[in-house]
Amino acid sequence: AVRSNQTELAQRLSKLILGVALLNLVLAPVIFVWQLIYFSFSYANILRKEPGALGLRTWSNYGRLYLRHFNELDHELDARLNRAYDYADRYLNSFSSPLAAVIAKNLLFISGGLLLLILALGIYEEHVFQVEHLLVILAGLGAIGVVCRTLIPDENLVWCPEQLMTAILAHVHYLPSEWRQQAHTTKVRQEFSNLFQFKAGYLLSEIFSPFVTPF
């Protein structure tokens with residue numbers, strides 16, 4: 001009986017999804033303001049004390065759904081993903097561009113030097129701290145430094161993507177079969193980054209999700 005009504009049920013589900021999407025789109029401005037307020041209260045203090053947190057990675061919502069076992073409890077899922085975190089982070093960090101690393105090192109040197117110079121001048125002459133938009137400049141230089149550090153690979157890093165992917169699989173329990181023996185490729189790296197993304201990207205996707213989700 002169910003199979004004979006598959007087309008009708010699919011059409012009803014399609015209309016329901018369309019209705020929910022349109023309602024979500026109409027309410028998007030209100031939801032967006034709520035998202036901004038929520039994330040301001042949730043992350044403002046963390047980012048003020050640890051701006052480097054934006055350069056860390058986290059399991060995306062898609063990754064959590066993709067890797068979740070049937071009827072798995074939240075704390076069980078969190079425990080599995082936490083055990084795989086270090087291996088996943090090392091795997092993605094092992095893909096580094098020599099050119100990007102050189103550029104990042106130079107930008108880090110310049111931004112760090114400017115930041116130190118401004119602070120030194122401020123200690124010597126207190127009027128320096130009264131310059132308009134100085135806090136914005138200091139925050140911008142600090143953000144540049146955080147981003148640059150994420151692009152500079154660990155000098156003691158060993159290239160072993162296959163072993164790291166095996167270690168990740170031991171904890172997450174499932175990865176696409178076409179990734180086997182292909183962990184060293186850019187394609188697999190890009191697909192895996194959809195499961196394990198930067199915290200900054202995660203926050204931006206959550207904030208703008210009211211506009212993106214309906215589409």
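1. Start on the outside. Val33, Trp34, Ile37, Tyr38 and Phe41 make up a nonpolar patch on the surface, and together they have about 580 Å² of accessible area. Bear in mind as you look around that this is a predicted model.

2. Take a few members of that patch one at a time. Val33 belongs to helix H2, which covers residues 28–49. Its relative accessible area is 45%, so Val33 is partly exposed. Trp34 comes out at 52% relative accessibility and counts as exposed, because the cut-off for that word is over 50%. Tyr38, at 41%, counts as partly exposed.

3. Now for the rings. The count comes to 13 aromatic pairs. One of them sits in the patch you have just seen: Trp34 and Tyr38 form a tilted pair, 6.2 Å centre to centre, with 35 degrees between the planes. Why can these two residues be found about one helical turn apart? Because they are 4 residues apart in helix H2.

4. Another pair to look up is Trp59 with Phe192. Their ring centres are 6.2 Å apart and the planes stand at 80 degrees, so this pair is edge-to-face. Trp59 lies in strand E1 (residues 57–59) while Phe192 lies in helix H8 (residues 186–193), so the pair ties together parts that are 133 residues apart in sequence.

5. Are Trp59 and Phe192 buried or exposed? Trp59 has a relative accessible area of 6%, which makes it buried, because the limit is under 20%. Phe192, at 1% relative accessibility, counts as buried too.

6. Those two rings also have company. Trp59, Tyr85, Tyr91, Phe95, Trp179, Phe192 and Phe196 form one aromatic cluster.

7. Next, the largest nonpolar core, which has 21 residues. Which of them touch the most other members? They are Trp59, Tyr91, Met165, Ile168, Val172 and Phe192. You will recognise Trp59, Tyr91 and Phe192 from the aromatic cluster.

8. As for where this core comes from, the elements giving it two or more residues are helix H4 (74–93), helix H7 (161–172) and H8. H4 supplies the largest share, 6 residues.

9. One last contact, this time between a charge and a ring. Look at Arg57 and Phe198: the charged end of Arg57 sits over the ring of Phe198, 3.8 Å from the ring's centre.

Conventions:
Residues are numbered from 1 along each chain as its sequence is written. This is a predicted model: local features need pLDDT of at least 70, side-chain atom pairs count only at pLDDT 80 or more; totals for chains, interfaces and linings use all residues. Side-chain values use heavy atoms; hydrogens and water are left out. Patches are made of residues with over 30% relative accessible area and no salt bridge: like charges are joined within 9 Å, nonpolar side chains (Val, Leu, Ile, Met, Phe, Trp, Tyr) within 5 Å. Accessible areas come from the Shrake-Rupley method with a 1.4 Å probe; for residues, only the protein chains shown count as cover. A salt bridge is a side-chain nitrogen of Lys or Arg within 4 Å of a carboxyl oxygen of Asp or Glu. Buried means under 20% relative accessible area, exposed over 50%, partly exposed in between (1.4 Å probe, protein chains only). Rings of Phe, Tyr and Trp (its six-membered ring) pair if their centres lie within 6.5 Å; planes under 30 degrees apart count as stacked, over 60 as edge-to-face and the rest as tilted. A charge sits over a ring if NZ of Lys or CZ of Arg is within 6 Å of the ring centre and within 35 degrees of the ring normal. A nonpolar core is a set of buried Ala, Val, Leu, Ile, Met, Phe, Trp, Tyr and Cys residues joined through side-chain atoms within 4.5 Å.
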